[in-house]
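Reader: Could you take me on a close look at the sheet in this model and the helix that packs on it? I would also enjoy hearing about the aromatic residues and the cysteines.

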Amino acid sequence: MNILICFGTRPEAIKMAPICIELINRNIPYKLCVTAQHREMLDQVLAFFELVPDYDLDLMTPNQSLNELSARILNEVDEVLKRETFDLVLVHGDTTTSTMVALAAFHRGIKVGHVEAGLRTYNKQSPFPEELNRQLTGKIANFHFAPTQKSQQNLLNECVPASNILVTGNTVIDALHITLNKIKKGYTNIFIEELKDKINFSKKIILVTGHRRESFGKGFENICEALLVIANFKDIEIVYPVHLNPNVQDTVYKMLSGKDTIHLINPLDYPSFVWLMSKSALIISDSGGIQEEAPSLKVPVLVTRNTTERDEGIQSGFSFLVGTDTTKIVSKTIEVLNSLDELKLGNNPYGSGDATKKVINFIQNIEF
């Protein structure tokens with residue numbers, strides 16, 4: 001069995017790293033290909049988990065369109081597939097990399113395994129382009145590793161054979177446990193030490209992130225307006241690692257610079273971000289990964305999207321859908337901060353940290 005694992009963004013790398021590590025621990029050979037859709041942030045994750053790509057396509061260029069990126073991924077991955085014979089290609093989630101790699105594998109008759117399969121909003125514009133990416137990858141994939149029962153049901157409703165679906169939990173929880181264990185054993189770095197010096201952790205920390213394309217422009221302006229109001233609350237500090245996309249940076253720095261209780265910082269590497277999440281009272285974010293990770297840390301999340309394919313967190317009381325409505329963000333922040341002691345947060349609905357083992361056990365029993 002010859003396996004190719006391919007990803008391109010930081011979130012994919014985080015969620016696929018435990019699979020790579022488990023394959024290494026079991027002495028199962030595989031090759032790792034990265035498209036480097038996120039260059040710097042991807043490299044930080046690879047370094048932390050001590051992963052070295054066999055193929056680094058380095059496809060990141062400034063402000064390239066989705067069509068340009070898609071064409072380049074399809075062409076370059078095809079070159080990789082020409083060089084070696086692979087029995088299985090593993091992709092993750094909903095990125096342009098995942099869909100184009102799956103399509104390239106399909107064109108060459110190679111089976112595809114889809115990690116974090118079955119999430120749906122059924123709204124092609126939200127999230128854009130991720131929702132359609134995920135559906136397209138699901139149509140191509142032979143094997144579907146669904147993180148939750150709801151994801152499994154979505155796939156069954158789309159006529160995917162039950163024998164080709166495995167409910168695993170989410171591998172991001174595996175990555176989180178690996179990272180927290182390293183921190184518990186004394187891991188630190190310059191970013192963590194700088195945060196300790198810069199932020200007053202005796203106050204309630206509100207962590208903010210944002211990167212979704214559908215929020216560019218007015219959406220991010222509304223979020224910033226809400227943060228300006230929240231920044232005046234007593235005994236809170238806002239920490240905002242600002243995404244590198246100019247569509248995010250231009251708005252955020254223009255509107256939020258110079259406010260004493262708002263700390264605009266560069267994007268953090270993964271372990272530093274996990275450490276910061278663990279110190280936060282509340283997270284305001286449009287990130288899917290954060291919606292999955294935060295329940296393990298018992299930190300509530302305000303989701304700045306109009307829809308989410310991660311309803312389990314909302315139903316479990318961990319997450320609250322507020323969109324980019326300024327009033328909703330402010331009012332829900334007040335409500336959650338005032339009820340932190342009363343929130344009854346149970347087990348993480350996205351898993352307990354054994355997703356990777358389930359995925360690899362399944363793969364080892366595939367007949368090629």
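Author: Happy to. This is a predicted model, and the sheet is a good place to begin. Six strands make up an open sheet in the order S10-S9-S8-S11-S12-S13, and they pair in parallel. At the edges stand strand S10 (262-265) and strand S13 (319-321); each has a single partner strand, so one side of each is left without a neighbour in the sheet. From one strand to the next, the twist averages 20°.

Let us stay with the S10 edge. Four bridges join S10 to strand S9 (residues 236-241), in the parallel sense. Along this pairing, Val239 has His263 of S10 as its bridge partner, and Tyr240 stands opposite Leu264 in S10. Although S10 is an edge strand, both of its faces are covered. Ile262 and Leu264 are buried on one side, and His263 and Ile265 are buried on the other.

Now to the helix. H11 packs on the sheet and touches S8, S9 and strand S11 (282-285). The direction of H11 makes about 135° with that of S8.

Helix H11 (residues 270-278) also brings us to the aromatic residues, since Tyr270 lies in it. The structure as a whole holds eight aromatic pairs. In one of them, Phe49 and Tyr270 have ring centres 5.9 Å apart and planes at 35°, so this pair is tilted. Phe49 sits in the loop between helix H2 (39-48) and strand S3 (55-56), so its pairing with Tyr270 in H11 ties together parts that are 221 residues apart in sequence. Both partners are shielded: Phe49 is buried at a relative accessible area of 6%, and Tyr270 is buried at 1%.

Another pair involving H11 joins Phe201 and Trp275, and it is edge-to-face, with 5.3 Å from centre to centre and 80° between the planes. Here Phe201 comes from the loop between helix H8 (190-198) and strand S8 (204-208), while Trp275 belongs to H11, so the pair ties together parts that are 74 residues apart in sequence. The two rings differ in exposure: Phe201 is partly exposed, with 28% relative accessibility, whereas Trp275 is buried, with 9%.

The Phe49 and Tyr270 rings are also members of one aromatic cluster, together with Phe48 and Tyr187. Phe48 has a charged companion as well, because the charged end of Lys182 sits over the Phe48 ring, 4.3 Å from its centre. A further arrangement of this kind involves Phe273, where Arg10 lies over the face of the ring at 5.8 Å from the ring centre.

Finally, the cysteines you asked about. A search of the whole structure finds zero disulfides. Take Cys33 as an example: the closest cysteine sulfur belongs to Cys6 and lies 3.6 Å from the Cys33 sulfur. A disulfide needs the two sulfur atoms within 2.5 Å, so this distance is too far for a bond. Cys33 itself is buried, with a relative accessible area of 1%. Cys159, by contrast, is exposed, at 70% relative accessibility.

To bring the sheet and the aromatic residues together, H11 is a handy guide for your eye: this helix touches S8, S9 and S11, carries Tyr270 of the tilted pair with Phe49, and carries Trp275 of the edge-to-face pair with Phe201.

Conventions:
Residues are numbered from 1 along each chain as its sequence is written. This is a predicted model: local features need pLDDT of at least 70, side-chain atom pairs count only at pLDDT 80 or more; totals for chains, interfaces and linings use all residues. Side-chain values use heavy atoms; hydrogens and water are left out. Buried means under 20% relative accessible area, exposed over 50%, partly exposed in between (1.4 Å probe, protein chains only). Rings of Phe, Tyr and Trp (its six-membered ring) pair if their centres lie within 6.5 Å; planes under 30 degrees apart count as stacked, over 60 as edge-to-face and the rest as tilted. Helices (H or I, at least four residues) and strands (E, at least two) are DSSP runs, numbered from the N terminus. A charge sits over a ring if NZ of Lys or CZ of Arg is within 6 Å of the ring centre and within 35 degrees of the ring normal. Two strands pair if DSSP finds at least two bridges between them. Axes are lines fitted to C-alpha atoms, for helices over the stretch in contact, and angles run from 0 to 180 degrees between N-to-C directions. Contact means heavy atoms within 4.5 Å.
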